[in-house]
Amino acid sequence: MVSRKILLAVILGVFLVSVVFGARWTLRFGHVLAPGEPYHQAFLKWAKAVEERTNGDVRIEVFPSSQLGVEEDIIEQIRMGAPVGWNTDSARLGMYVKDIGVMNLAYFIDFMGAKTPEEAIEILKKIKQSPTMQKWLKELEQKYNIKVLSFYWVQGYRHFVTNKPIRKPEDLQGLRIRTPGAPAWQESIRALGAVPVAINFGEIYTAVQTKAVDGAELTYANVYNGGLYEVLKYMSETGHFLLINFEIVSADWFNSLPPEYQQIVEEEMDKAGIEVSLKIMKELEEEFKQKCIEKGMTVIPASEIDKEAFMERAKQAYRNLGLEDALNQLIREVKGE
């Protein structure tokens, strides 16, 4: 846990920056991705739009590559009211409000019925308006001081990247696969047939080199930007996760803004998220796929993957985590049943 002295120093630093630049409200927003990732540019676009629409009253500084620190510490600062924000996911938020973690389990968007990038975004819009999601968001804000600005930020499909082809669940048997440490990720990978290993994002390359893991599950952009084509040779298009990111800030900071500024911050975050998500899923995924192939990787296409078998296996993760009811409730509400 961050000490109160450190938190006070952070808040004071932000105040001084605000005075220098003339902003009445300043937010330091961070993420783990590299500056070259599409998300970073989208966050910068969001920050610029907010500053312009608020006439400089709200200033957002974006920090890539975990420059603000590790996620656990940042979320603790958010909960304590510091003017910071973070790009996270529902698996992490599920550690506070359990059921919201359902959105990061394997094949969630497929179970919801989405078959195209556009359908995925439309389903997320319906989920946001659903009574169940509104209840979860309210609990995060009122009980944990975590304000979700948007979850229309989709980072593309994640596939298994290994040194052997993966076409069916049995091919994963015995493989140690790196994945984030939250239960939603761990149980999903275990249900699909592999052994999940929690390792920080920036340590994947070394972990493969030292044989601490046999592979990972990532997007094409992650693989290319991380140089993982140097140590892993197969990308098997299982598409088991459509990574849905949640953009969070301190509810205290958000509620300190005038209502019209709150609306601007959320509107521009949604707008930037939808734009970059569709670009990633429709354009950049293919672009980075070709770059990985050019670097010598072999792609096992989706047409060769037994997706039905993987989806059937995935159901075990929902049962193990007690999230079957949450999934079915969202399905009913999205379909209007």
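Here is a short walk through this predicted model, one selection at a time.

**Stop 1: the helix α12**

Start by selecting residues 259-294, which make up helix α12. Put a distance between the C-alpha atoms at its two ends and you should get 50 Å. With 36 residues at 1.5 Å a residue, the expected span is 52 Å, so the two figures agree.

Now centre the view on Ile280. What sits in α12 there? A kink of about 50°, with Ile280 at its centre.

Before leaving, step past the helix to Gly296. This glycine follows α12 and has a positive phi, near 105°.

**Stop 2: two aromatic pairs**

Next, show the aromatic side chains. How many aromatic pairs does the count come to? The total is 13. Phe151 and Tyr152 are one of them: the ring centres lie 5.8 Å apart with 75° between the planes, an edge-to-face arrangement. Turn on a surface and check both partners. Phe151 has a relative accessible area of 2%, so it is buried, and Tyr152 is buried too, at 7%.

Then jump to Tyr224 and Tyr229. Their ring centres are 5.7 Å apart and the planes meet at 35°; that angle falls between the 30 and 60 degree cut-offs, so this pair is tilted. Are these two rings buried or exposed? Tyr224 is partly exposed at 23% relative accessibility, whereas Tyr229 is buried at 13%. The line between those classes is drawn at 20%, which is why the two tyrosines get separate labels.

**Stop 3: an aromatic cluster**

Select Phe29, Tyr39, Phe43, Trp46 and Trp153 together. These five residues make up one aromatic cluster.

**Stop 4: two loops with a positive phi**

A bit of background for the last stop: most residues other than glycine have a negative phi. With that in mind, go to the loop between β2 (58-63) and α3 (71-79), where you will find Ser66. Ser66 is not a glycine, yet its phi is positive, about 60°. As for its surroundings, Ser66 is partly exposed, with 31% relative accessibility.

Finish in the loop that runs between α4 (90-93) and α5 (108-111), and pick out Tyr107. Here again is a positive phi in a residue other than glycine, near 60°. Is Tyr107 buried or exposed? Its relative accessible area is 1%, so Tyr107 is buried.

Technical notes: Residues numbered from 1 in each chain as written. Predicted model: local features only at pLDDT ≥ 70, side-chain atom pairs only at ≥ 80, totals over all residues. Heavy atoms only, no water. Helix = DSSP H or I, 4+ residues; strand = E, 2+ residues; numbered from the N terminus. Expected span 1.5 Å × (residues − 1). Bend = angle between axes of the 7 residues up to and from the residue. Phe/Tyr/Trp six-rings, centres within 6.5 Å; stacked < 30°, edge-to-face > 60°. Buried < 20%, exposed > 50% of the residue type's maximum accessible area, 1.4 Å probe, protein only.
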